[in-house]
Amino acid sequence: MKFNPRKIKVGLELTSKCNLRCGMCPLPVLRRPYEDMPWPLVEKAEREIHGLGLKLKWLHEMGEPLLYARIDDAIRLFPEASLSTNGLVLTEEIGAKLLATPLKRIRICVDSINPKVYPQLRTGGDFDKLVGLTRDFLKQAKGHPMRIEIQKMRSRLTVDETVDSFKRLFDLKQYRNARVIEKTCEALDVNEETDLHGKFYGCVQGAFFTWVVVFADGRVTHCCYDAHAEQVMGDLKTQSLREIIDSPRFAEMQSMFERRDFTQLPRCAECFKHGGESHALEDVIKGVQNLPGVAKDVVRKVIDVRYR
């Protein structure tokens, strides 16, 4: 199968273990083991991903990547990758390990600065601890070229919170390498509207094959929403990435998607259960997904009327 490596996003799940059980995340009911990726498999993933001219976008899928013992070594294998964390294990020791790597971007998912709302988003999290650790890391990384993103979640529960309030809490005016970003939370488990996320209509990626995600056990899926590994297209433990992409199984999965036959594509069926079968709508979504990061966020915020 021919593909443009520049249009394929790649995620590598170093671990499916996490220290939280967040309300918007399927990890509390994950239908696969909580485990770390063996280091030899991480090394093979690097060879396979870079060997096809692909670049790693994120060092996670499910799980908290800072729990992975060799996180710094993984970053050195994938210097182009970004890292997203709930911030609760971002100690001074871990911070020093990260700052000694070529990591260019870290996202700290604070989500809410309301102590009463935060536990509803990040179940099991300690708000005061997070604020303290984040402030300490900002000081530790001051003047470093690493970009630090403080995530603010857009949801019904956080509609009264502002970017400026986040900036004030963390005194970001003194940290030129830090900024606040706004993200909506999408349903990674069931496609239903809640206070945390809205439902969607059809493929939110805009196409069947826009991602390669390698789970901690080596299995590979084509979609970052396939948290439970329901649409696995191969296994990196026994196959090369090229073999997986060129396999008859993947070709048949793609054909079923184009026919809108979801009988063997349960994750796709979930995304399409409220409609969205039109290929014209898919083309529009694909256009939005292909925008540069900042432009994509702006467009999403304009068209997202759920949290006005």
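These legends describe close-up views of one predicted model.

Residues are numbered from 1 along each chain as its sequence is written, and side-chain values use heavy atoms, with hydrogens and water left out. Because the model is predicted, local features need pLDDT of at least 70 and side-chain atom pairs count only at pLDDT 80 or more, while totals for chains, interfaces and linings use all residues.

**View 1. Thr 210 sits in a loop between two strands.** The loop joins β6 (178–184) and β7 (211–214). Helices (H or I, at least four residues) and strands (E, at least two) are DSSP runs, numbered from the N terminus. Thr 210 has 11% relative accessibility, so it counts as buried. Buried means under 20% relative accessible area, exposed over 50%, and partly exposed in between (1.4 Å probe, protein chains only). Beyond its neighbours within four places in sequence, Thr 210 contacts Lys 7, Ile 8, Lys 9, Gln 205 and His 222. Contact means heavy atoms within 4.5 Å.

**View 2. Phe 209 and Phe 250 form an aromatic pair.** The whole structure holds 8 aromatic pairs. In this one, the ring centres are 5.0 Å apart and the planes meet at 75°, so the pair is edge-to-face. Rings of Phe, Tyr and Trp (its six-membered ring) pair if their centres lie within 6.5 Å; planes under 30 degrees apart count as stacked, over 60 as edge-to-face and the rest as tilted. The pair links distant parts of the chain, 41 residues apart: Phe 209 is in the loop between β6 and β7, and Phe 250 is in helix α8 (residues 248–259). Phe 209 is buried at 9% relative accessibility. Phe 250 is also buried, at 1%.

**View 3. Phe 262 and Phe 272 stack.** Their ring centres are 4.7 Å apart and their planes are at 25°. Phe 262 lies in the loop between α8 and α9 (266–272), and Phe 272 lies in helix α9, so the pair ties together parts 10 residues apart in sequence. Both residues are buried. Ring pairs join Phe 262 and Phe 272 to Phe 3, Phe 208, Phe 209, Phe 250 and Phe 257 in a cluster.

**View 4. Two arginines sit over rings.** The charged end of Arg 70 is over the ring of Trp 39, 4.1 Å from its centre. Arg 260 does likewise over Phe 257, at 4.9 Å. A charge sits over a ring if NZ of Lys or CZ of Arg is within 6 Å of the ring centre and within 35 degrees of the ring normal. Arg 260 comes just after α8 and takes a positive phi of about 60°.

**View 5. Helix α8 has a buried face.** Phe 250, Met 253, Met 256 and Phe 257 are buried in α8. Seen down the axis, the buried residues fall within an arc of 120°, so they line one face of the helix. The arc is that of the directions from the helix axis to the C-beta atoms. An α-helix has 3.6 residues a turn, so residues three or four places apart point the same way. Arg 259 is in α8 too, but this residue is partly exposed, at 46% relative accessibility.

**View 6. Helix α3 (residues 92–99) also has a buried face.** Its buried residues are Ile 94, Gly 95, Leu 98 and Leu 99. They fall within an arc of 135°. Their cover includes α2 (71–77), β3 (83–85), β4 (105–111) and α5 (127–140).
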